[in-house]
Amino acid sequence: MAAPIFPTLDVPPCPRTLILDFRDSYTANLLTLFSTLYPPPRTNNFERDQNGVAYQLETEKRVAESISEKVIIVEADTLELSTYLRLIKEKQIDCVILSPGPGRADDEKDVPNLMQIIQQTSLPILGVCLGMQAIAVHCGASIINTPDLKHGHVIPVKHKYTSLFDRLPHAQALNGLSSTEQENKEELKAEGQADLVAYNSLTVSWNNFPHDKLCITAWHDVNTGTTESENRNVDAERTIQAIEGIHRPVWGVQFHPESIASAHGAEILCSFLNKTHTFHGSPVSFPKLSTHVLNLSPIYQGLDGGKPSRPAEQTSEIEEEDAMLESIAETFGTSSGRSLNSEEMFTGLIDRIHSPLGQVWLDGVSTRAPSTSSIAFPSFIITYTISTRTVTCHFLSSTTTADSMNHVKTATMRFASSPDGHDDDFFNWFGRGQTALKRMNMTQGERWKARQPSVYCATSEEDDRKPRWKGGWVGWWGYEMKAESLGGYHRPSRGAVGGGETVDACWAWCNRLVQREQDGLWTARGILGAETSKEEQTPESHADLSQREMLSWLEGLGVDFGTTRDGWKSWIATCHSVLAYPDIASVISNPGSARMPDFQCDMTADQYLQGIHKCRQAIYNGNSYELTMTTQFRSRVSSASREKFETTPKTSNTSPESLDLYLQLRQQNPAPYSTYLCFPSVRITILSSSPERFLRITPGGRIEMKPIKGTRARVRYPRDVPMCAEALIRTPTESEAASWCEEKDRQIGEALRNDRKERAENLMVRIVDLIRSDLQSCCTPDSVQVPKLIALETYETVHQLVTTVRGQLLDGVSEVEAVKRSFPPGSMTGAPKLRSVQLLEQFEQHQSRGVYSGAMGYMSIDGAVDLSVVIRTIIIQDGQPATAPCRESDLVHGDRTEAANRYMTIGAGGAITWLSDPLSEWDEVLTKVRSVVG
Ligand SMILES: C=C(O[C@@H]1C=C(C(=O)O)C=C[C@H]1O)C(=O)O
Ligand SMILES: NC(=O)CC[C@H](N)C(=O)O
């Protein structure tokens, strides 16, 4: 679709703009605003690839003003003051934008060097929110709490069509009036009103406002609800919304012009750019940013996972030979006349295949559409522990096949700290490995295409439910991986966040899988490797291995990325045999009789309510706009039933109890991201019923995120008949009760759709502004779109609000890099992300969230990715529980460590805003846990 064009706007040539980011999570949305003013020209000249995806031909793409060469975002706390001053002195930039952000403009800690920057800049400056407050503080104004705290709400902003508002169309105020009437309505022309979004807790005071240095060009009348009194306090009635310097080219806006719900954001930016253009003497064009200035921006750093530590090793891995890993597939017919469901296939397969490394079942249960799913058995697993920066590979002896019983071996390596201070990290290392593997799977033609820059993917409305996993990685990024993904994050000096020998990321490689497509047919997929005979090698020890690239390290261990022809044949035969004789169920110890254990919350209701109170206080103080507060519900697996939940490799097979529980969970809370992962050697089993997509990426680089916000329990017949009886004050008939429940359920969904607080949450954190900004940090500026805004989706047990945001990955941003840039999922942190994450660590008492709140799913050999947000999920694991371990009195008898060693957890939480009602937030947490526990 064509980006909006503004025929009435005189868009000037784009100046070189430095956006200083004070760690807000909306800053990148300013790029979207720029791209609406400077859309790249598009033509209809497309080429389609073998998947039917259309690409714009590179030769047709002439970009008049490529904003990626003109506008950069730089984290303010990473930019040395001297570097900044040199840019100014050497005339490397034409104007500066100061971003929004958490904290206070009158506190140096929150706005490092900013007062000096404002002092020493003679160029045009635009301050947004925190940025405007800083300009005002610099001129002598004071910062106070705003009388109307509304994060993510649209407010009417009044102005006089002057200053930054001089490009706003008068038509809005004059609509419906004849031209003579318009002539006579001078007062209407004189005062205008624009709907703009506010995200501030603080505001600039009218008292001692420096009228000699700044003028106020827009304001908002607060609806105080009080009648006029003698002692009028203007700070309580009217907030300052825009300012302009009297002697200097500085402007500021208190609202967020870049928010999706702000009207006229582009006109306001255009006005600033015009003033910049005039300031510089209206040149025909501005030069491009020089390379060393572009390099200051993290958006252009870390492409392709940064520099490998040993370049030579990396290139030899991706030699442009024929594909060394060949994708292969075979679809089975339905000889029995009936298609096997995925439960039958899974149980049938695990009955036949005893895989010590575990099982993978990407289940995807839907009550609305036919279910699709993928089942696989890993050939090796990589885990990562962030506290020690250690990677462990779990693998089988290469002289035996995956189907036979044998021991799982492990080998570890550690990332060394590099002397130049630019440490490699797991995301980058894994990403480079994935890129190398992907190239080994490409044909010559595909490799050629992948080398072409800027293929613009025009359409890719693909079927949402089609399984796209062609084999490759399946696993998760745990929440603590935030330490390597969030720019500016510093590990708390005290507290156990991410501490201990935890598994913070886990990726299992699967080269043989079987998938149920929507039509009910099963397809086996495999990755065939070159047939070479390998000597089994002894795992090398830590030290030697530091900084080795993934592929050479794994090859050194003798693991196989591809299966052999024989391995493939035996896989097909096994799948056939399950399809032919689906008389399974022997693996299910007691079908249908699994009982969920009791779970105990780590916090009391009171403690959680206190946490909410702290969240609201932080929001009030301007440190966050929304915080996703969470806690964990825990059940220690008792000694008696411990055997049943065995997760160690003593038994070769899946743990029967955990599978029973999963089979129950998938029925009770069917979810699009239902998943069962059992990795005995990693000592973790995951039973998930997540409804939420974190992100999906197609091999063509289309990326989509689908955050959820707002949760209501459903009303269901017959479960809620007592509720109906209570409402009617009598016993209803069966049909009465059924239609009452149906109507009530519909009303709850509708109410959620219309709820003011939920809509604000949606707007604010995830759905639009936060997620857009996440995508904007890895996508081409003009590609980020919101095709679905705040849609109601109904699952088995809950109604939720969902929004879809899509974009096209920038050249050179690999899929792992895209995950890294958007991690952790915004729906689990709140905004701004960095500050919110750090506040939540305190409010959640420095407990590690573990797998919960992270992202789980597949990263396919062909580059396709689909990850869910790990919520509504039971984690069964070995290790030290994060809570005070001795709460349970039965632990005291010697067996303490052993017994405390295996436990189940379910994390749950909800987003807290200023408008949150603490008790209903706690209810929401319980609703979420009940959707899992039943
Ligand atoms: C935190 C959880 O859920 C998140 C918070 C939601 C909300 O605030 O409404 C909804 C879905 C999730 O993004 C959870 O389920 O534990
Ligand atoms: N969005 C913002 O920039 C907020 C600025 C400041 N922290 C406030 O709350 O007022």
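**Backbone geometry and the shell of ligand 2**

S163 is buried in this predicted model, with 20 other C-beta atoms within 10 Å; this count meets the cut-off, since a residue is classed as buried if 20 or more such atoms lie within that distance. The residue is placed in the loop between β8 (153–159) and α5 (171–174). Its backbone has a phi near 55°, a positive value in a residue other than glycine. Most residues other than glycine have a negative phi, and most peptide bonds are trans.

A positive phi, of about 55°, is also found at C129, again not a glycine. C129 belongs to the loop between β6 (125–128) and α4 (130–138). C129 counts as buried because it has 28 C-beta neighbours inside 10 Å, and the threshold is 20 or more.

C129 is also one of the residues that surround ligand 2. The shell further includes P100, G101, P102 and G103, together with L130, Y199, N200, S201, L202 and G622. By class, 6 of the shell residues are nonpolar and 5 are polar, while no charged residue is present.

Cis peptide bonds occur at two proline positions, described here in sequence order. The bond from Y717 to P718 is cis, with omega near 5°. P718 is located in the loop between β31 (708–713) and α22 (721–728). The bond from A831 to P832 is likewise cis, and its omega is near -10°. P832 lies in the loop that separates β34 (830–831) from α26 (833–843).

Key
Residues are numbered from 1 along each chain as its sequence is written. Chains are lettered from A and ligands numbered from 1 in the order in which they are written. This is a predicted model: local features need pLDDT of at least 70, side-chain atom pairs count only at pLDDT 80 or more; totals for chains, interfaces and linings use all residues. A residue is near a molecule or strand if its C-beta atom, placed from the backbone, lies within 6 Å of it. Ala, Val, Leu, Ile, Met, Phe, Trp, Tyr, Cys and Pro count as nonpolar, Asp, Glu, Lys and Arg as charged, and the others, Gly among them, as polar. Helices (H or I, at least four residues) and strands (E, at least two) are DSSP runs, numbered from the N terminus. A residue is buried if 20 or more other C-beta atoms lie within 10 Å of its own, exposed if 12 or fewer, and partly exposed in between; C-beta atoms are placed from the backbone.
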